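Reader: I am in my first year, and I would like to look closely at a single part rather than at everything in turn. Please choose one, follow it patiently from one residue to the next, and explain each term when you first need it.

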Amino acid sequence: MRNLSLSKESKRRYKGNNLGLHCHCSEIKEKFIELLERAKQEDVRYLVVNNYKSLKTYTEVLPTLSEEELKRYEGIKLIPSIEMPGSFNFTNLEGQNYNIEVHILGYGVDLSKEEMLKKFCDVKYKSLNQEEELKRLIEIGHKIGLNFKDEDAYLDSNDDNRKFAGRAFTQALMKNMDDNFCKEGESNKNKLPYELRTNWRAFQNRCVKDPNNPFYLDVAMLNPRVEEVIDLIHSMGGKAYLAHPSSYFAKVGTKEEVKLAYDNTIKFVKDFLAKFSLKVNKKTTMDGAEIYHPSYLGNIDVISEIKELVQAHRIASSGGTDIHVDKTLGKDETVSSDSLDGTVVKNKLRKFRLLRRKAVSIKDLKDKVIDIKSKGEERE
């Protein structure tokens, strides 16, 4: 197995320059400041906010920062970025053919292209009807024998735990833990995985997106093809990186089931890069892949295999914690370090090509956004 640690020279180069290359925050000033403050506490020098299908953190929230706030976070450089879902057809090791909702990170996009992004999203994406989805989940829940009251599964836009159908549904199930969730180490297809007892956020990835799960929903109808997403990012002047490849497979259940999930992860990366690497596709190509991410759960063997595949296709690598600042941050949530496996990026990522080329200080980026907006108003 290869030694993934940095050379002494590389460690010196990144000492004190922690990297936050995969972060999300609600598009309000309070949460952006909360993310910046956490980054400052961790001595993060390069920060990326890759919100889903939106650049508003950069174009609407950033300009509201005061001179005092800009001064406080002047040591942090930003790389304007987005995260975009796309549909990829995959045949797993069990022979099932289905569509995976793959996420693509768009690093270093041109903020003046925001209108292009908005038009693409308006045309290419369809919103899931949360009321209809909740009805579907309730029907399936009763069908497989879960124990819950329908009135406990309700949507509430003001409650983070019940904003979406999957969250509202699992909140209802949590009232009867032992009836609805496996015990630790147990495998029961008529119950939800043990891990979801305290992690309802994972219901979407571990159940709704898993073709072996009764709650599975084909996402192809909601998302554009992944090649369209890659082309959009390139048209916006950005670089397209495959996000968290290990997150698309539910690593729960028995040891054999977890191993199969990791084996499917490797097959997925092989198939994906075989289609979108420069070696085979001159038109629509990936620029990199996110090798380091909490979804690997510290599996160094799989990380090593994915890294070798990425290097074989001669594309770049990145990594990040995928922190989401949409409510009060937990003490274990970090911008630059994965609490499950130590430091993700600082000690493992050799280089990130866009750091110096695309990174802009907070103050300079605010000035740039204001300039873009003024030019847009002049054209109107």
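Author: Let us begin with a pair of side chains, those of Glu 227 and Arg 225, which meet in a salt bridge with a distance of 3.1 Å from N to O; a salt bridge here is a side-chain nitrogen of Lys or Arg within 4 Å of a carboxyl oxygen of Asp or Glu. Before going further, please keep in mind that this is a predicted model, in which local features need pLDDT of at least 70 and side-chain atom pairs count only at pLDDT 80 or more, while totals for chains, interfaces and linings use all residues. Residues are numbered from 1 along each chain as its sequence is written, and side-chain values use heavy atoms, with hydrogens and water left out.

The two partners of this bridge sit in unlike surroundings: Glu 227 is buried, with a relative accessible area of 17%, whereas Arg 225 counts as partly exposed at 45%. Buried means under 20% relative accessible area, exposed means over 50%, and partly exposed lies in between, with a 1.4 Å probe and protein chains only. Side chains of opposite charge can pair when their charged atoms come close.

Glu 227 also takes part in the packing of helix 10, where Val 226, Glu 227 and Ile 230 meet Phe 272, Lys 275 and Phe 276 in helix 11; contact means heavy atoms within 4.5 Å. By class, the residues of this contact of helix 10 with helix 11 divide into four nonpolar, no polar and two charged, where Ala, Val, Leu, Ile, Met, Phe, Trp, Tyr, Cys and Pro count as nonpolar, Asp, Glu, Lys and Arg as charged, and the others, Gly among them, as polar. The helix numbers run from the N terminus, and the helices (H or I, at least four residues) are DSSP runs, as are the strands (E, at least two).

Two packed helices are described by the angle between their axes and the distance between the axes. Helix 10, residues 226-235, and helix 11, residues 255-276, pack at an angle of about 55°, and their axes are 12 Å apart. Such axes are lines fitted to C-alpha atoms, for helices over the stretch in contact, and the angles run from 0 to 180 degrees between N-to-C directions. Helix 10 and helix 11 are therefore oblique to each other, because angles under 35 degrees count as roughly parallel, over 145 as roughly antiparallel, 65 to 115 as roughly perpendicular and the rest as oblique. Their crossing is right-handed: a crossing is left-handed if the near helix is turned anticlockwise from the far one by less than a right angle, and right-handed if clockwise.

Which residues does helix 10 meet in helix 5? Met 116, Leu 117, Phe 120 and Lys 124 in helix 5 meet Glu 228, Val 229, Leu 232 and Ser 235 in helix 10, and this contact has five nonpolar, one polar and two charged residues. The axes of helix 5, residues 114-124, and helix 10 come within 10 Å and cross at roughly 165°, and the two helices are therefore roughly antiparallel to each other. This crossing, like the one described above, is right-handed.

Helix 11 deserves a look of its own, since Lys 259 forms a salt bridge with Asp 263, with the closest N and O atoms 2.8 Å apart. Both residues lie in helix 11, four residues apart, about one turn of the helix. An α-helix has 3.6 residues a turn, so residues three or four places apart point the same way. Of the two, Lys 259 is exposed, with a relative accessible area of 51%, while Asp 263 counts as partly exposed at 28%. Elsewhere, salt bridges that share partners join Lys 124, Arg 225, Glu 227, Glu 228 and Lys 275 into one network. Following this network back through the contacts, you will find Lys 124 in helix 5 and Glu 228 in helix 10, and Glu 227 in helix 10 and Lys 275 in helix 11.

To place this part in its setting, a search of the whole structure finds 17 salt bridges. One of them pairs the side chains of Glu 74 and Lys 71, at 3.6 Å from N to O, and Lys 71 is exposed, with a relative accessible area of 55%.
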